[in-house]
Amino acid sequence: MRRLPLALLLAAACATAQRPATAPPTGTQAPNAVTFPPEEVKVSRLDLELEGKNDEELFAIGTAAYGAGDFARAAAAFARLADLFPSSRHEAAALFNAGLAFERQEEWRLAQERFRTLERKYTGPDAIEASFRVAECQYHLRELADARATLDALARRTDLGAADRVRALAQRGIVELEDGKSEDAERTLRLALGTYASASEEERLDERFAAQAQFYLGEVYREWFRALPIDPSRGDDAALQQELERKSEMLLSAQGHYLRAIRMGNDRWAVASGFRIGELYDELRAR
């Protein structure tokens, strides 16, 4: 395995050759002969622009295009480099950057192919990052069982740092929640937070994924809160009181996790949590 160089932060179209039809002998006409028009090969302006460029030129074009926000051009340049120059010193970075450029276009299948090639051929931090990206592509493709398996394999790796383990567990919990497995999601998200707390005693960790886990624990309880019925039309005051108490307990549990996410100080999850708390009370009043 080659050591992965630091990456800067589409797939070339595969033409399937058709087998030519056998021509009848000269002077004869095949009965009921079927003729086909010549195959039309479309070449885009971008294909023509990249034709004949070497790996250094393609890498420079892709880097400039990505920086300018032209993700289609960046993906084409990086993908062409990876396909035509597999021994280039830029191959690993080109695979990663092609995947990123496809992601920005929401071409999740094409992005996944590039990240899979990278994780198969290389080792090191960027290969691990490629595995996380594969899981994200699977999530967006709604291949939730596959995404869960990818994240589970990451979480079990013995060479994974504590921060990445928290990330893998937090994201696995999110996938489980999306897949309707809320009880599994609660256990996984609590495991992510426990891993974060234990590791934080020995090293300073980025709070981003722990805050994400707290937010999604709030989402688990919010889902349970929303699922609890309140039916005042039955005229049973005791039953209604019990329903309100149970629903309030779920609201307070959800709110508690959102507040913990806010206290972690990550801007993204703090804003999202504050918004959710307001929604909880609006929904309770609407009942």
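This is a guided walk through a predicted model of one protein chain.

Let us begin with the overall plan. The protein chain holds 12 helices and two strands. If you follow the sequence from start to end, the elements come in the order β-α-α-α-α-α-β-α-α-α-α-α-α-α. The chain has 287 residues, and 43% of them count as buried. Its accessible surface is about 16,700 Å², with 51% of that belonging to carbon and sulfur atoms.

Before looking at details, it helps to ask how confident the predictor is. The mean pLDDT of the chain is 86, and 83% of the residues reach 70 or more. Among the elements, helix 4 has the highest mean pLDDT, at 98, while strand 1 (residues 2–3) has the lowest, at 45. Over residues 1–30 the pLDDT is below 50, although this stretch still has 50 contacts in the model beyond near neighbours in sequence. Where pLDDT is low, the predicted coordinates should not be read in detail.

Now find helix 3, which runs over residues 71–84. How far should its 14 residues span at 1.5 Å a residue? The expected value is 20 Å, and the end C-alpha atoms are indeed 20 Å apart, so the two agree. The buried residues of this helix are F71, A74, A75, A76, A77, F78, A79, L81 and A82. Which elements cover them? The cover includes helix 1 (45–50), helix 2 (55–67), helix 4 and helix 5.

Moving along the chain, you come to E106, in the loop between helix 4 (91–104) and helix 5. E106 has a phi near 60°, a positive value in a residue other than glycine. E106 counts as exposed because its relative accessibility is 57%, and the cut-off for exposed is over 50%.

Just after this loop is helix 5 (residues 108–121), where you will find Q112. Is Q112 buried or exposed? Q112 has a relative accessible area of 7%, so it is buried, the limit being under 20%. Leaving aside residues up to four places away in sequence, Q112 touches V134, C137, Q138, L141 and E143. Helix 5 also offers a salt bridge to look at: the side chains of E119 and R116 meet at 2.9 Å, N to O. These two are three residues apart in helix 5, so about one helical turn separates them. E119 is partly exposed at 24% relative accessibility, and R116 is partly exposed too, at 35%.

A little further on, R142 sits in the loop between helix 6 (125–140) and helix 7 (144–156). R142 is not a glycine, yet it has a positive phi of about 65°. With 46% relative accessibility, R142 counts as partly exposed.

Continue to R208 and D206, whose side chains form a salt bridge of 3.6 Å, N to O. R208 is partly exposed at 40% relative accessibility, and so is D206 at 42%.

The last stop is helix 12. Its 20 residues reach 29 Å from the first C-alpha to the last, close to the 28 Å expected at 1.5 Å a residue. Its buried residues are W269, A270, S273, R276, I277, L280 and E283. Why do these residues lie on the same side of helix 12? They cover an arc of only 150° around the axis, which puts them on one side together. That buried set packs against helix 10 (208–227) and helix 11 (237–263). On the other side of helix 12, the exposed residues are D267, R268, V271, F275, R285 and A286.

Take a closer look at D267, which has 64% relative accessibility. D267 and A211 are 56 residues apart in sequence, but their C-alpha atoms are 9.6 Å apart in space.

R276, from the buried set, forms a salt bridge with E279, with the closest N and O atoms 2.8 Å apart. Both lie in helix 12, three residues apart, which is about one turn of the helix. R276 counts as buried at 17% relative accessibility, whereas E279 is partly exposed at 27%. Elsewhere, salt bridges that share partners join R148, D152, R156, R172, E176, D184 and R187 into one network. A search of the whole structure finds 27 salt bridges.

Note on methods: Residues numbered from 1 in each chain as written. Predicted model: local features only at pLDDT ≥ 70, side-chain atom pairs only at ≥ 80, totals over all residues. Heavy atoms only, no water. Buried < 20%, exposed > 50% of the residue type's maximum accessible area, 1.4 Å probe, protein only. Helix = DSSP H or I, 4+ residues; strand = E, 2+ residues; numbered from the N terminus. Contact = heavy atoms within 4.5 Å. Expected span 1.5 Å × (residues − 1). Arc of directions from axis to C-beta. Areas by Shrake-Rupley, 256 points an atom, 1.4 Å probe, with all protein chains shown as cover. pLDDT = per-residue confidence, 0-100. Salt bridge = Lys/Arg side-chain N within 4 Å of Asp/Glu carboxyl O.
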